[in-house]
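Reader: Before we look at the model together, please explain how each feature should be read, and then show me the case at hand.

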Amino acid sequence: MITGETSVQHLARALILWQNAAGPYWPFVNAAPFVSGHVAGPLLEGRPWVPRWLSEAVDSFPPLRGTPGGIGVQEGVQPGECRDEARPAPTGPLAGPFTSAADPDCSSSAVCSAFNGERAAFFVDVSPTRVLPAAPWLNRRGFVVVPVIQRWSVAPAVLRSERLLAQLVGYATRVERPVGERGVIFILDGDRAGRSSVTASPRRFDNRYEYPPCRFPAPDFLVTQGIRDVCWLFIGSFADDLKPYREALARQGIRSVEQAICVD
Amino acid sequence: MRGLITDPSRISDALYRDFVQQAQLTGWLTDHLVRGEPYLALNAVVLEADENCLLAGLTETFAVIFDRAARAVMGNVSTLVELGFPWPAAELLSAETPRLPILGRFDFVQDRLGHWWLLEYNADTPSGLREAVAVEACVQSALPEARELGRPTGRLGELLVTAFGRATEGLARSHALGIVVDAAELEDLAQMAFTACLIADTLGKQGVATVLGDVDNLVATRQGLSLVGRPIEALYRYVAFESAFGTPLFAAIYEAVADGRLRLLNGLFGLLLQNKGLLAWVWRHRTDAIYSAAERAAIERHLAPTWPIDAYPEQADRSSLVAKQVFGREGEEVFFGEDLNAEAWDEVRRRRSYVAQRRVDVGELTAVIPTWGGAERRVGRVTVGGYVVAGKWAGYYTRFGDKIITNRAKWLATFVEEEGRHGESSLGKRSY
């Protein structure tokens with residue numbers, strides 16, 4: 001259980017830490033889970049972890065190709081193909097202490113290989129608790145990490161939030177503004193629609209939601225940050241609620257690539 | 001009225017970020033972006049003391065005026081149908097016990113000559129509570145130049161708590177007040193969660209629990225309604241009723257009301273008060289004996305003349321008119337005649353669910369507002385909303401925007417040159 005600081009103080013401090021680490025993207029760190037939630041500990045589950053599909057995608061961004069820890073282009077992979085999440089641990093100096101996925105025998109993603117801008121933005125529309133543990137590693141890779149999680153985190157609710165809140169608080173102390181920025185990773189709430197196979201009980205607060213485009217940076221704002229390329233990572237099919245924003249990006253001349261991934 | 005901050009260099013990025021963080025943490029402004037643009041300005045409009053006195057008085061006077069109008073209209077089902085209410089809703093409304101809204105807001109603008117005009121009354125589910133109660137204090141804290149100014153909205157939270165307490169008096173101990181919202185709308189959800197938090201302690205002392213739930217959490221049972229599994233005996237609705245006509249939600253609420261198992265704190269009467277057709281009714285009846293001399297003067301001098309769309313004066317040119325849909329909210333379905341060609345204007349007239357309001361030549365104000373590129377000095381138009389809690393003036397909600405104030409407008413705090421509000425007695429005696 002939390003001692004000393006109250007739950008409210010923990011969450012408030014975590015929000016500020018995430019926003020301060022987000023640099024110019026601080027307005028997009030959504031405050032909803034931080035103001036609505038309650039943390040009762042343990043605050044951090046396990047150790048940092050980087051899913052293989054994420055490290056592949058990030059490292060396929062050209063500027064790091066050929067550098068230690070970077071990963072080459074995967075041939076024959078088309079957008080829409082699935083990848084397996086579980087892979088061996090990383091190696092190389094940039095991998096640091098994290099568990100990751102630089103398996104030289106495994107074909108890796110080419111999803112960002114055609115990017116030619118200085119910086120890229122990734123929108124990771126997967127269960128956020130799969131991605132948040134990778135935040136420190138992403139910072140070290142030169143990416144700002146922005147959790148855009150709009151979930152109203154009360155209990156009991158259709159979408160449970162205990163683990164999410166623990167991670168948001170726990171990893172808040174480990175994120176930092178990267179040196180030598182290569183772009184930004186927006187961590188979306190891939191669980192926001194709930195499970196289609198489960199009928200929600202009216203006795204649980206219905207905190208499912210969709211993203212309006214205004215939760216994300218205006219396209220011209222991204223351009224001013226040097227973002228010309230965007231990579232979308234998701235499970236299954238591209239979410240309907242994100243399509244208007246993707247179209248807005250396209251109208252601004254920002255290129256999007258999409259990659260469906262598979263997770264355990 | 002003036003803008004408090006007019007030099008963009010005064011609002012650094014770091015200062016603005018600290019302000020928004022405080023606004024998020026104390027006011028739950030999780031939705032501080034609108035279309036990717038910041039909504040909260042670290043800035044304020046500053047009213048002259050006599051402007052504050054005038055607007056406070058007008059707010060209370062118009063609360064009485066509209067209450068009289070709605071009571072006069074509500075018993076006439078055919079008139080209600082003409083105002084856009086579906087017949088079943090009109091029947092229900094005609095049988096409803098009228099009550100002053102717990103929270104309403106009159107939106108005023110100032111023309112180029114400095115004269116104040118009332119444009120509309122948001123009596124059903126007015127927005128802006130968090131900004132007025134919590135964020136305004138953040139502005140005053142962050143800007144030294146604001147600390148010597150009066151903050152007329154300072155008691156809004158307290159007044160609202162009292163009003164909810166009174167509205168739930170008589171409920172048995174262990175009963176519950178439900179607050180229902182469309183939880184997928186973050187702005188609505190955060191506003192109602194903030195409200196629930198604000199009132200929960202006071203209601204708890206009365207033995208009444210406060211329960212917040214999504215519309216999908218509202219269920220009809222044999223014993224009445226339950227919200228998130230908890231039986232409720234009173235309900236405050238933050239869902240637009242006009243879009244709920246005929247839905248299971250609407251039916252469930254009114255069945256429970258009809259059975260005497262539910263006290264609906266904001267029923268159809270508030271929606272009637274908000275209906276823009278009532279603006280036209282008030283204007284048409286501005287000389288009637290149902291109004292006192294002071295009320296008649298207030299209407300004549302401060303209500304922007306409004307007519308049913310098919311009954312505006314012949315001499316009125318469409319370029320001098322604004323068409324507004326009777327149930328429109330947040331600037332939706334508002335058309336300036338000058339922006340429509342004759343064919344489009346005729347199409348609006350044919351729909352008949354609009355009123356025509358005389359366009360007010362709104363004065364411009366210079367202020368520093370936030371943009372994604374940083375603070376910028378802009379010239380814009382301001383709408384000052386006068387809050388009314390259970391009939392009493394309770395402060396302001398101000399937005400800065402373009403010709404039509406929509407949800408893209410920026411919020412500004414509202415301060416007064418002189419500390420506090422002028423005496424209530426002088427408000428009552430004021431002549432308009």
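Author: Let us begin with contact, which means heavy atoms within 4.5 Å. By that criterion, the contact takes 30 residues from chain A and 29 residues from chain B. This is a predicted model, in which local features need pLDDT of at least 70 and side-chain atom pairs count only at pLDDT 80 or more, while totals for chains, interfaces and linings use all residues. Residues are numbered from 1 along each chain as its sequence is written, chains are lettered from A and ligands numbered from 1 in the order in which they are written, and side-chain values use heavy atoms, with hydrogens and water left out.

Reader: How much area do chain A and chain B bury between them?

Author: Buried area is the accessible area (1.4 Å probe) that two parts lose on being put together, summed over both. Here chain A and chain B bury about 2600 Å², with 65% of it on carbon and sulfur atoms. On the chain A side, Trp26(A), Trp152(A) and Phe205(A) lose the most area to chain B, together 24% of what that side buries.

Reader: How many salt bridges are there between chain A and chain B, and how many over all chains?

Author: A salt bridge is a side-chain nitrogen of Lys or Arg within 4 Å of a carboxyl oxygen of Asp or Glu. Between chain A and chain B the count is 0, whereas a search of the whole structure finds 33 over all chains. One of the pairs joins Asp107(B) and Arg399(B), with 3.8 Å from N to O. Asp107(B) lies in strand β5 (residues 103-110) of chain B and Arg399(B) in strand β20 (residues 392-401) of chain B, so the pair ties together parts that are 292 residues apart in sequence; strands (E, at least two residues) are DSSP runs, as are helices (H or I, at least four), numbered from the N terminus.

Reader: Are Asp107(B) and Arg399(B) buried or exposed?

Author: Buried means under 20% relative accessible area, exposed over 50%, and partly exposed in between (1.4 Å probe, protein chains only). Asp107(B) is buried at 5%, and Arg399(B) is buried at 6%.

Reader: Which residues touch the most other members of the largest nonpolar core?

Author: A nonpolar core is a set of buried Ala, Val, Leu, Ile, Met, Phe, Trp, Tyr and Cys residues joined through side-chain atoms within 4.5 Å. The largest one has 142 residues, of which Trp18(A), Tyr25(A) and Phe186(A) touch the most other members. Helix α7 (residues 186-205) of chain B gives the most to this core, with 9 residues.
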